[in-house]
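Visitor: Before we begin, I should like to ask on what grounds the descriptive terms are applied here.
Guide: Please look at the structure, and then put your questions.

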Amino acid sequence: MGDGSLTFAIPVRDPRGVEDWDAVKELMAITLRSLFAQQGPRPRVVIGASPGTPLPPLPDGVQVVEVDLPYRPLPPEQGPQRWDAILVDKGLRLAHALAVARPQGHVMVVDYDDLVSSRLAATVAASPDAPGWFVDAGYQWDGGPLAALLPTGFNDLCGTSLLVRADLLRIPADPADPANLEWIKQTLGSHKRWHGLFGLEPLGFPGAVYRIGSGANVSGAVGHGRRVLRAARRPAQFVREVGVLRPWAAIRRGFGA
């Protein structure tokens with residue numbers, strides 16, 4: 001069972017596979033500020049990163065676990081090989097980080113350019129034994145003055161969307177053991193199975209912001225302006241795209257930004 005604590009786990013890609021690491025550091029600093037802007041108990045943050053990875057200034061409560069994986073560039077084309085490489089890299093970084101941190105409460109995996117609601121730690125503290133929650137509603141934001149509200153299905157698009165009691169994750173004591181790789185890849189490498197595996201409940205409020213169009217994520221999601229322009233010749237789709245837009249200034253405080 002859980003102890004009411006919340007640990008955010010951030011898998012960090014090898015800088016050799018990122019074009020502009022200074023920009024990534026700036027995004028990560030904003031994400032860290034968001035993680036520690038909790039209204040409830042102060043969370044822990046654990047980062048799984050390659051040895052020597054330059055990181056932004058780290059607040060108290062951040063633990064960096066060096067994960068020494070062979071560097072393999074991601075295949076440039078979309079397809080099964082690219083996604084398998086992503087699952088392995090992300091899964092192993094998380095497995096090593098969590099094996100060292102050994103959280104006793106709930107865990108939320110966070111991409112290093114996303115933001116989270118300031119209400120999460122209080123939610124966990126109020127229900128420490130719950131299996132966890134999924135973020136059904138959230139926002140997409142491209143860094144501009146508007147964000148798009150996703151009233152449902154947010155967890156299908158964004159990996160920063162699940163809070164799970166740590167004991168359910170079956171974090172292997174030795175992530176380097178090849179016998180653990182498939183579990184690591186399919187569970188820690190992808191959030192897609194968590195909802196079905198762990199019986200998660202919807203969070204009940206917008207729980208995260210999916211940062212898109214920054215160049216730091218691997219999904220290829222595009223910004224709001226391009227989406228609206230693409231829909232301009234399809235009236236129904238145009239109305240949908242415009243209708244979900246909200247002023248970022250009215251949203252940001254709830255996400256520590």
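The conversation that follows concerns a predicted model and takes up burial, salt bridges, surface charge and strand pairing.

Visitor: Why is Leu 27 called buried?
Guide: Leu 27 has a relative accessible area of 12%. Buried means under 20%, so Leu 27, at 12%, is buried. This residue is found in helix H1, residues 21-35. The C-alpha atoms of Leu 27 and Leu 115 are separated by 9.9 Å, although their positions lie 88 residues apart along the chain.

Visitor: What makes Asp 22, also found in helix H1, exposed?
Guide: The relative accessible area of Asp 22 is 52%. The term exposed requires over 50%; therefore Asp 22, at 52%, counts as exposed.

Visitor: Which residues gather with Asp 22 in a patch of negative charge?
Guide: Glu 19, Asp 20 and Glu 26 gather with Asp 22 in that patch on the surface. Asp and Glu count as negative, so the patch of Glu 19, Asp 20, Asp 22 and Glu 26 is one of negative charge.

Visitor: How do you know that Lys 185 and Asp 84 form a salt bridge?
Guide: Their side chains meet at 2.9 Å, N to O. The criterion is a nitrogen of Lys or Arg within 4 Å of a carboxyl oxygen of Asp or Glu, so the pair Lys 185 and Asp 84, at 2.9 Å, qualifies. The pair links distant parts of the chain, with Lys 185 in helix H5 (residues 181-188) and Asp 84 in helix H2 (residues 80-101), 101 residues apart.

Visitor: Are these two partners, Lys 185 and Asp 84, buried or partly exposed?
Guide: Lys 185 is buried, because its relative accessible area is 13% and the limit is under 20%. Asp 84 has 35% relative accessibility; partly exposed covers the range between 20% and 50%, so Asp 84 counts as partly exposed.

Visitor: What separates Arg 93 and Asp 89 in helix H2?
Guide: Being four residues apart in helix H2, Arg 93 and Asp 89 are separated by about one helical turn. Their side chains meet in a salt bridge at 3.0 Å, N to O. Arg 93, at 2% relative accessibility, counts as buried, whereas Asp 89, at 24%, counts as partly exposed.

Visitor: How many salt bridges does a search of the whole structure find?
Guide: The search finds six. Among them is the one between Arg 165 and Asp 167, with the closest N and O atoms 2.7 Å apart. Arg 165 counts as buried at 7% relative accessibility, and Asp 167 as partly exposed at 42%. Salt bridges that share partners also join Asp 84, Glu 182 and Lys 185 into one network.

Visitor: What makes strands S7 and S8 a pair?
Guide: Four bridges join S7 to S8 (residues 146-150). Pairing asks for at least two bridges, so S7 and S8, with four, are paired. They run antiparallel, and Tyr 139 stands opposite Leu 149 in S8. S7 and S8 form a hairpin with four residues between them, and Gly 143 in the turn has a positive phi of about 90 degrees.

Visitor: How do you know that S7 also pairs with S11?
Guide: Three bridges join S7 to S11 (residues 208-211), and at least two are required, so S7 and S11 are paired. These strands run parallel, and Arg 211 in S11 is the bridge partner of Trp 141.

Visitor: Which residues of S7 are buried on each side?
Guide: Gly 138 and Gln 140 are buried on one side of S7 (residues 138-141), and Tyr 139 and Trp 141 on the other. Both faces of S7 are thus covered.

Methods:
Residues are numbered from 1 along each chain as its sequence is written. This is a predicted model: local features need pLDDT of at least 70, side-chain atom pairs count only at pLDDT 80 or more; totals for chains, interfaces and linings use all residues. Side-chain values use heavy atoms; hydrogens and water are left out. Buried means under 20% relative accessible area, exposed over 50%, partly exposed in between (1.4 Å probe, protein chains only). Helices (H or I, at least four residues) and strands (E, at least two) are DSSP runs, numbered from the N terminus. Patches are made of residues with over 30% relative accessible area and no salt bridge: like charges are joined within 9 Å, nonpolar side chains (Val, Leu, Ile, Met, Phe, Trp, Tyr) within 5 Å. Accessible areas come from the Shrake-Rupley method with a 1.4 Å probe; for residues, only the protein chains shown count as cover. The place of a charge is taken as NZ of Lys, CZ of Arg, CG of Asp or CD of Glu.
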